[in-house]
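Me: I'd like to go through this model and ask what stands behind each label. Could you set the values against the cut-offs as we go?

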Amino acid sequence: MNIVVIDGYVLNPGDLSWGELEKLGACQLYDRTAEDQVIQRVRDAEVVITNKVTFNQQRILQLPRLRYIGVSATGYNIIDMAAADARGITVTNVPDYSTYSVAQMTLALLLELTNHVALHSASVHEGEWSASLDFCYWKRQLIELDDLTIGIVGFGNIGKIVANLALALGMQVLVYTRTPRAAQPGLSFVDLEVLLRQSDVVSLHCPLTPETTHLINDKTLSLMKPSALLVNTSRGGLVHEPALAAALNAGRIAGAGLDVLDKEPPDENNPLIQAKNCIITPHIAWASKAARERLLDKVVSNLASFLSGNVQNCVNRC
């Protein structure tokens, strides 16, 4: 069995072991692969493990030996499913490996927006506390979350954990989901407009679909409070970035904490990079070592199950 890991670095930059995968066949590991190198590297592969390298119809037609594509992520829009189905190629993904890590990052971004920890630490290291006339000072207004309202858009596993974290902080929780839900203690299920109008914090946890693309735009931003904060640890395409940058710069919302952008890595002229009160981290919510260990374990388990004839986490016609 010829196995090619086409872009393995972000999953395993060296702190994990590929050993269990290598037990399943002859394994070629590449940290990164440029677009013009893909076909050359996977031409003889029966199994490809990919994170962000795309396999469209044109590529799939050039790979007659390919039997299996393992996506080392939850999202699998990088694969042309119709082309895979036509060739009888099994495609799997890895759901739920980073649920707790992403929820934790959501809270970290929110706390940074409200407590400005990095700002004040930098200030102390620059000597401002030593020079202060008072025993303390603050450079930005500090915000207490107790009794504020958080609106959670999307109520999958991550959204549920974020709701529980928010309740533990004393927040009121509104939820918008397209899936009908029974009433739950401490949660109010509302439509999107109500959520946007009433929330002090809006946190995005829905998938990127044609219906949710640019869900946050000029119109929806205009519904939010000027004091509201936006947090996105889901998908960058949920947000129309020029509209958010304009709203931040004009003070129409108070701040944003983003772990994802529409294009990654972003262009240097992305308007959000210079926008006011905008925290951006480089898509790391999923990347705790514990989450990556779970991800690699499931990548191996998915392939082992396929080889044994008992496919798991299949996302196409298996």
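Reply: Sure. A disulfide here is a pair of cysteine sulfur atoms within 2.5 Å, and by that rule the count comes to zero disulfides. Keep in mind that this is a predicted model.

Me: How do you know that Cys 206 is not in a disulfide?

Reply: The closest cysteine sulfur to that of Cys 206 belongs to Cys 278, and it is 18 Å away. The cut-off is 2.5 Å, so 18 Å is too far for a bond. Coming from Cys 278, the closest cysteine sulfur is the one in Cys 206, again at 18 Å and too far.

Me: And why are Cys 206 and Cys 278 called buried?

Reply: Buried means under 20% relative accessible area. Cys 206 has 8%, so it is buried. Cys 278 has 17%, so it is buried as well.

Me: What is the overall picture of the chain?

Reply: The chain has eleven helices and twelve strands. Its C-alpha trace spans about 70 × 50 × 35 Å along the principal axes. Of the 318 residues, 44% are buried. Taking contacts between residues at least 6 apart in sequence, 60% join residues at least 24 apart.

Me: What makes S9 and S10 a pair?

Reply: Two strands pair if DSSP finds at least two bridges between them. S9 (residues 201-204) and S10 have four bridges, in the parallel sense, so they pass that test. One place to look is Ser 203, whose bridge partner in S10 is Val 231. Between the two strands the chain goes through helix H9 (residues 218-223), and this β-α-β crossover is right-handed.

Me: Which strand does S10 join through four more bridges of its own, and how does the chain get there?

Reply: That is S11 (residues 255-258), which runs parallel to S10 and is joined to it by four bridges. Leu 230 stands opposite Ala 256 in S11. The chain passes from S10 through helix H10 (residues 241-249) to S11, in another β-α-β crossover that is right-handed.

Me: How do you know whether the faces of S10 are covered or open?

Reply: Check the residues on each side of S10 (residues 229-232): Leu 229 and Val 231 are buried on one side, and Leu 230 and Asn 232 are buried on the other. Both faces are therefore covered.

Me: Why are S2 and S5 called edge strands?

Reply: Five strands form an open sheet, paired in parallel in the order S2-S1-S3-S4-S5. Strand S2 (26-29) and strand S5 (90-92) each pair on one side only, and that is what puts them at the edges. On average, neighbouring strands in this sheet are turned by 15° against each other, direction ignored. At the S5 end, three bridges join S5 to S4 (residues 68-71), which run parallel; one of the partnerships is Gly 70 with Thr 92 in S5.

Me: What makes you say that H11 packs on that sheet?

Reply: Helix H11 (residues 289-307) touches strand S1 (2-5), strand S3 (47-50), S4 and S5. Its direction makes about 160° with that of S4.

Me: How do you know that the span of H7 is close to what is expected?

Reply: H7 (residues 157-168) has twelve residues and reaches 17 Å from its first C-alpha to its last, against an expected 16 Å at 1.5 Å a residue. Its buried residues are Gly 159, Ile 161, Val 162, Ala 163 and Ala 166. What covers them includes helix H5 (99-115), strand S6 (149-153), strand S7 (172-176) and strand S8 (187-189).

Me: What makes Asp 147 stand out in its backbone?

Reply: Most residues other than glycine have a negative phi. Asp 147, however, has a positive one, near 75°. Asp 147 sits in the loop between helix H6 (117-125) and S6. Exposed means over 50%, so at 53% relative accessibility Asp 147 counts as exposed.

Me: And why is Asn 313 called only partly exposed?

Reply: Partly exposed lies between 20% and 50%, and Asn 313 has 26%, so the label fits. Asn 313 also has a positive phi, about 55°, and it lies in the segment after H11.

Me: How do you know that the peptide bond from Glu 264 to Pro 265 is cis or trans?

Reply: Look at omega: it is near -5°, and the bond is cis. Pro 265 is found in the loop between S11 and strand S12 (278-280).

Key. Residues numbered from 1 in each chain as written. Predicted model: local features only at pLDDT ≥ 70, side-chain atom pairs only at ≥ 80, totals over all residues. Heavy atoms only, no water. Buried < 20%, exposed > 50% of the residue type's maximum accessible area, 1.4 Å probe, protein only. Right-handed = clockwise from strand over helix to strand, strands pointing away. Expected span 1.5 Å × (residues − 1). Contact = heavy atoms within 4.5 Å. Axes fitted to C-alpha atoms, helices over the stretch in contact; angles between N-to-C directions.
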